[in-house]
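Student: Please take a close look at how the interior of this protein is packed, and then follow the packing outward to its surroundings. I would like the cut-offs stated as you go.

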Amino acid sequence: MPWVLLLVGALIFHVSLYSLSTASPFPLGVLTAGIFLLATSVTLFMVQLFRAGPELPRTQRNLHTFYLLGLSLTLSFTRLSRYAGFNGFDLIAEGSVLQHTLSAGFWDPRLGDVSNYQSSLAITILPTLTAGTIGVPGLTVFLFQTFFLTALLPMAVHPIINRLTGNFKLATFSSLLFVQNWFFYGQHLIGKTAPALFLGVLAFYCLTQYRRSFQSLGVLLSLGVVMSHYTIALFELFLLFSYLAISGIIVPVFNRLSPLRITPSRTRLAPIAASVTLIIAWLAFAAPLILPSAVSSVEQSLSSISQLASGQGRPGLSLATSSPAGPIVTGWFDLQNLLVGLGGLYMLYQYRRGLIRENLATWTLAGLALIILLVAWTVLPVLSVSVEPTRILQMALPFTIIFLGVLLLRIARPSSKLALAAVITLLLLMLPMNLMIANQERNPLYHTADSLPLDKRVDDDSSLIPSYSNYAVIIWANNYLPSDKPVGVDSLGRYAFITSLPSPPRLNFSQEILPPYCFNRYSILSSYFVDDHIWTATILGSSVQVPGQDPSPFFSPTHNVLYSSTKFWVMSPARCP
């Protein structure tokens, strides 16, 4: 039954999502039915896991693995089915960098001074070589590469947990929880992150093993991480330094407090030093802007520790521990992350009692270090300006999802029917709630753009959903506007510039907080300003809308309309007194 529900639910889910990009979208009820079929399928599958014995035959293990892969593929391709291509900021900008590599015919590391994205071989070399080998357009290869590697991440977590615990049932259960945590696992993954996080999880596991062959492989995987994504590379540096601190400081303290001397697996310093050296060397060579920025962020965070919550933070700061997407979704995210934290404390308690093996102790303490990192991102707002807390939780999830799996299996004991019923209810709600179905009326995942409220349409057009109009106005501006001064834009024009300007860019833009009535430079106006009198600006990742703004001065004799479409107008500089 779970297999049938998975296949039928996946078909309904993806066809319904794709229909939202067409002229004839399916009713919302069809998409909702597909989601609940998937939720029922995975819940029934997990209940079967509860009833399974400690030792599963090989055939049953293989079926469990294939089910995990099927569910992972189904959910990882959600964004591709819904938006029928690129969406968001980073994924589109990555496609622009790839397009330049394809056009030039070679990778140019000197462009690392122009864009940090240029340092990622995962969005330059890998899709270019694959496209040339199989004869498929590079952008198509890049799209499918991104979402396929996203699907493989739970497949890497599964064998690692199985090796750490010797418990195939726990590994399968935790990996299924990971896949269902779509908002943090799938919604924010981009082209650079997908391969980097996959390699990073494997690299840390290998580096914390005792065998030299594993450690050597970990060094090579670390190089692959930094060649894929600089942010994940910095994240791995934190993990490695945390591991050294755990082995050298935290564990000795625990051993003094406990008669049971259980330590994490010990490794030689040489592989970690080699990994750190390779990461720093690649960043200095291919992304020279990253290290100074990282050092500056550390300095600012250290200087703000004494004041904790002082400083300007990202408006969506609480997204990693909650969500502004309504009270129900917010409460769900809070509950889910609270359970992860409680599971981590439970495993720490088991570690103190000497019930956790060496390699699992390493993984446990590393996961707790990542929870501490997330807390630091929450109480030190200056950190969230560069990297959202949501992404910290996303990167930590492969290491911390075992906490949730251990806790729920501990609660769902057959002796307590009430506890078992509570866990089953939680599992049934997990996928729909992580897909934010309770907030569907304001969610573009469930609706076409024209059926959303006006303020939500403005927000999505400023950060999520590209259009041909964006591409058309930016290509025109790139061809005809002078490059000596930045072009004044609102948040929609900013999004169009970032996602549509050819790489490397010829023009610069300046986002204005209010309409540039009297600026001595060219301006791009959006339809929300001209038709709805709303001027918008994106500040620290959030769209700020200023209603009641008058567009008429731009259409007076002081301006000339140089370009117009249904969405954008390009205006000449104002002749102000």
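Tutor: The answer below begins with the basis of the values and the whole chain, then turns to the interior, and ends with some individual residues.

This is a predicted model, in which local features need pLDDT of at least 70 and side-chain atom pairs count only at pLDDT 80 or more, while totals for chains, interfaces and linings use all residues. Residues are numbered from 1 along each chain as its sequence is written, and side-chain values use heavy atoms, with hydrogens and water left out.

The protein contains 23 helices and 7 strands, where helices (H or I, at least four residues) and strands (E, at least two) are DSSP runs numbered from the N terminus. Of its 577 residues, 55% count as buried, a term that means under 20% relative accessible area, with exposed meaning over 50% and partly exposed lying in between (1.4 Å probe, protein chains only). The accessible surface amounts to about 24100 Å², and 65% of that belongs to carbon and sulfur atoms; such areas come from the Shrake-Rupley method with a 1.4 Å probe, and for residues only the protein chains shown count as cover. Among contacts with a separation of 6 or more, 73% are between residues 24 or more positions apart, a contact being heavy atoms within 4.5 Å.

In soluble globular proteins, nonpolar side chains tend to be buried together. Here the largest nonpolar core has 122 residues, and L176, L177 and W363 touch the most other members; a nonpolar core is a set of buried Ala, Val, Leu, Ile, Met, Phe, Trp, Tyr and Cys residues joined through side-chain atoms within 4.5 Å. Helix α18 (residues 389-411) gives the most to this core, contributing 13 residues. A second, separate core has 18 residues, including A472, V489, L501 and I524.

W363 shows what such a position touches: with neighbours up to four places away in sequence set aside, W363 is in contact with I160, L164, V201, F204, Y205, P398, F399 and I402. Helix α7 covers residues 138-165, and its 28 residues reach 41 Å from first C-alpha to last, close to the 40 Å expected at 1.5 Å a residue (the expected span is 1.5 Å times one less than the number of residues). Because 20 of those 28 residues are buried, α7 is largely enclosed by the rest of the structure. Just after α7, G166 adopts a positive phi of about 70°.

M395, in helix α18, is buried at a relative accessible area of 2%. Apart from residues up to four places away in sequence, M395 touches L197, T231, I232 and F235. Of these, L197 is 198 residues from M395 along the chain, yet their C-alpha atoms are separated by 7.0 Å.

Next comes strand β7 (residues 568-571), from which F568 and V570 point one way and W569 and M571 the other way, all of them buried. Strand β3 (residues 523-526) pairs with β7 in the antiparallel sense over 4 bridges, and two strands pair if DSSP finds at least two bridges between them. Within that pairing, W569 is the bridge partner of L525. On β6 (residues 561-564), 3 bridges make an antiparallel connection to β7, with V561 opposite M571, and β6 and β7 form a hairpin with 3 residues between them.

S572, in the segment after β7, is buried at 8% relative accessible area, and a polar atom of its side chain lies 2.9 Å from the backbone nitrogen of N560. Beyond its neighbours within four places in sequence, S572 is in contact with R521, Y522, H559, N560 and L562.

H14, in helix α1 (residues 2-19), counts as buried at 17% relative accessibility. Its side chain reaches the backbone oxygen of T74 at 2.6 Å and makes a polar contact with the side chain of S81 (2.6 Å); a polar contact is a pair of N or O atoms within 3.5 Å where, within protein, one must be able to donate a hydrogen and the other to accept it, and residues adjacent in sequence count only if both atoms are side-chain atoms.

By contrast, R110, in the loop between α5 (90-104) and α6 (125-134), is exposed with a relative accessible area of 63%.
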